[in-house]
Amino acid sequence: MDSCIFCKIVDGTIPAKKVYEDEDMVAIEDINPVAPHHLLLIPKKHVVNALDLTPEDDRLVGRVFRVAAEIARQRGVDERGFRIVQNSNADAGQSVFHIHFHLLAGRHLGWPPG
Ligand code: 5GP
Ligand code: ZN
């Protein structure tokens, strides 16, 4: 996807602070963090949001959650707690239409979200 900002981050055309990369995904620091730890886990494949996932993506989504938990462990926020968020479409506040998972930690995260 030529015009997709996260495809450009994945291929390095747009710079980002990458904290993790494997053949299927990257994790970057969010440009506008809303918590002391705010990472975006981004599959390299251009999928729009949860509605666009296919059965062949099941492994990928599982990996995203495992990597998020590993990053939380490495950062020492595992015991206090962390949140993984995926926003799909307008009411959820999706602003970048390439699927990504927020990893939020380092402060008390209210529930329900606003
Ligand atoms: P959404 O609202 O779609 O769930 O989340 C999009 C997230 O991407 C936002 O938290 C926003 O701050 C982040 N973001 C948007 N553009 C960029 C960018 O160019 N670089 C980085 N690192 N984060 C971005
Ligand atoms: Zn994309």
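This is a short tutorial dialogue on reading a predicted model of a protein chain with a ligand.

Me: I'm new here, so where do I begin? How many helices and strands are there in the protein chain?

Reply: Welcome! A good start is to list the elements and then their order. This predicted model has two helices and five strands in the protein chain. Starting at the N terminus, the order is α-β-β-β-α-β-β.

Me: What radius of gyration does the protein chain have, and what would a compact globule have?

Reply: The idea is to set the chain beside a rule for globules. For 114 residues, a compact globule would have a radius of gyration near 13 Å, and the protein chain has 14 Å, so the two agree. Along the principal axes, its C-alpha atoms fill a box of roughly 40 × 30 × 30 Å.

Me: How do I read contacts along the sequence? What share join residues at least 24 apart?

Reply: Take the contacts between residues at least 6 apart in sequence; in the protein chain, 54% of these join residues at least 24 apart.

Me: Now a single strand, please. Which strands are joined to β5 by bridges?

Reply: Look for bridges, and then for direction. Strand β3 (residues 37–43) is joined to β5 by five bridges, and the two run antiparallel. In that pair, L39 stands opposite L103. Strand β4 (residues 82–85) also runs antiparallel to β5, with four bridges between them. Here R83 stands opposite L104 of β5.

Me: Is strand β5 largely enclosed or open?

Reply: For this we count buried residues. In β5 (residues 101–105), four of the five residues are buried, so the strand is largely enclosed by the rest of the structure. Across the protein chain, buried residues make up 21% of the 114 residues.

Me: Let me try one residue. Why does E29 count as partly exposed?

Reply: A residue needs 20 or more C-beta neighbours within 10 Å to be buried, and 12 or fewer to be exposed. E29 has 13 inside 10 Å, so it counts as partly exposed. E29 is found in strand β2 (residues 25–29). Setting aside neighbours within four places in sequence, E29 is in contact with K17, V19 and L39.

Me: And the ligand? Which residues come nearest to ligand 1?

Reply: First find the surrounding shell, then sort it by class. Ligand 1 has 14 residues around it, and I31, N32, N87, S95 and V96 come nearest. The shell holds seven nonpolar, five polar and two charged residues.

Me: Lastly, which residues does UniProt list for "domain: HIT"?

Reply: The unreviewed UniProt entry lists residues 5–114. In the model, that span is 22% helix and 23% strand, and its end C-alpha atoms lie 26 Å apart.

Definitions and conventions. Residues are numbered from 1 along each chain as its sequence is written. Chains are lettered from A and ligands numbered from 1 in the order in which they are written. This is a predicted model: local features need pLDDT of at least 70, side-chain atom pairs count only at pLDDT 80 or more; totals for chains, interfaces and linings use all residues. Two strands pair if DSSP finds at least two bridges between them. A residue is near a molecule or strand if its C-beta atom, placed from the backbone, lies within 6 Å of it. Ala, Val, Leu, Ile, Met, Phe, Trp, Tyr, Cys and Pro count as nonpolar, Asp, Glu, Lys and Arg as charged, and the others, Gly among them, as polar. UniProt positions are given in the numbering used here, feature names are shortened, and annotations may be inferred rather than shown by experiment. Two residues are in contact if their C-beta atoms, placed from the backbone, lie within 7 Å. The radius of gyration is taken over C-alpha atoms; the globule rule is 2.2 Å times the number of residues to the power 0.38.
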